[in-house]
Amino acid sequence: MVEQDWLSERFAEHQDRLHAVAYRMLGSPGEAEDAVQEAWVRVSRADTGQVENPGGWLTTVVARVCLNMLEARRNRREESAGALPPEPAGPQVSLHPPGQAGPEDEALLADSVGVALMVVLDTLTPAERLAFVLHDVFAMSFGEIGAIIDRSPAAARQLASRARRRVQGAAGASDAARSAKRDIVEAFLAASRSGDFAALLELLDPDAVVGELRGGHAVATFFAGRAQAARLALVDGVPAAVWSHLGRPKAVFTFTVNNEKIMGIDIDTNPDRLRDLDIVILPAGDKERR
């Protein structure tokens, strides 16, 4: 009973931090609350005789709960993803695909980019997200982080570094997401899905090129009624479109725009090249308001 009282006191003492960790990890107040409650269930059944650092131990438990929740969320998304539509005919066109800040700087950066940050975090793997949040926001060591995800400290450092590069680009990505090119690409996808031939012609330059297709009329004819599963995205920070299957990009469309007209569309389905691209799926109809 004495041990349970001690545990309750330690949990209450660190509860605000645990909520903050869970919220940063999951991005949802409700899920954060669920994670903290699940962590309490786990720690209340645990042997605390060897616990020397209650705060670190409790943070580790919450982080593991959040990691499980992120992995379950990712699996649900992959299972619910729609099938890839038939790939367009024609030749594929190839794409040619900082100083480290302290935890306080990263926390300010995370707050500054708002919705754009959440979009970026949702594209990270659960391990990348955990490594970035725990190290850059809550200053946990890579040794502690590696123990949570069963990786070496060096591997945990690499995960955090990769995630940090994505987050540091979020502010710039947010500007790109609000750009005129984004609006043109989004309008093109909407017209393609609905089969609005006139709208497609209006968006395309008369001399537009897609693979072997030449001319706005030919391109509009080809895309009318297609792009049902294509989603608006930032590809290497530039507005584009992506087709995914089971949560993995299978085709990337990049647009050449001049004078508010689409001059050309390059299509890449090469998996090796796609793996090297920085792809951020954008919310439909959302101009990244801040």
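Here is a short chat about a predicted model and the reasons behind some of its labels.

Visitor: How much confidence does the model carry?

Guide: The average pLDDT of the protein is 79, and 78% of the residues score at least 70. Helix 11 (residues 197–203) has the highest confidence, with a mean of 95, while helix 4 (residues 103–113) has the lowest, at 43. Residues 80–115 sit below 50, and that stretch has 67 contacts in the model beyond near neighbours in sequence. Residues 286–290 are below 50 too, with 17 such contacts.

Visitor: What makes helix 10 (residues 180–194) agree with the expected span?

Guide: Its 15 residues, at 1.5 Å a residue, should span 21 Å, and the end C-alpha atoms are 21 Å apart, so the two agree. Among the buried residues of helix 10 are Arg182, Ile184, Phe188 and Leu189. Just after the helix comes glycine 195, with a positive phi of about 70°.

Visitor: Why is the contact between arginine 10 and glutamate 9 called a salt bridge?

Guide: The cut-off is 4 Å between a side-chain nitrogen of Lys or Arg and a carboxyl oxygen of Asp or Glu. Here the closest N and O atoms are 3.8 Å apart, so the pair qualifies under that cut-off. Glu13 joins Glu9 and Arg10 in a network of salt bridges.

Visitor: Why is arginine 10 called buried, and what is glutamate 9 called?

Guide: Buried means under 20% relative accessible area. Arginine 10 comes in at 19%, so buried is the right word. Glutamate 9 has 47%, so it falls between the 20% and 50% limits and is partly exposed.

Visitor: How do you know that glutamate 38 and arginine 42 form a salt bridge?

Guide: Their N to O distance is 3.2 Å, and the limit is 4 Å, so the label fits. Both lie in helix 2 (residues 29–44), 4 residues apart, about one turn of the helix. Glutamate 38 has a relative accessible area of 34%, so it counts as partly exposed. Arginine 42, at 35%, is partly exposed as well.

Visitor: What makes aspartate 136 and arginine 164 a salt bridge?

Guide: Their closest N and O atoms are 2.4 Å apart, so they meet the 4 Å rule. This pair links distant parts of the chain, with aspartate 136 in helix 6 (residues 126–137) and arginine 164 in helix 8 (residues 153–168), 28 residues apart. Both residues are buried.

Visitor: How many salt bridges does that rule give?

Guide: The count comes to 10.

How values were computed: Residues are numbered from 1 along each chain as its sequence is written. This is a predicted model: local features need pLDDT of at least 70, side-chain atom pairs count only at pLDDT 80 or more; totals for chains, interfaces and linings use all residues. Side-chain values use heavy atoms; hydrogens and water are left out. pLDDT is the predictor's confidence in each residue, from 0 to 100. Helices (H or I, at least four residues) and strands (E, at least two) are DSSP runs, numbered from the N terminus. Contact means heavy atoms within 4.5 Å. The expected span of a helix is 1.5 Å times one less than its number of residues. Buried means under 20% relative accessible area, exposed over 50%, partly exposed in between (1.4 Å probe, protein chains only).
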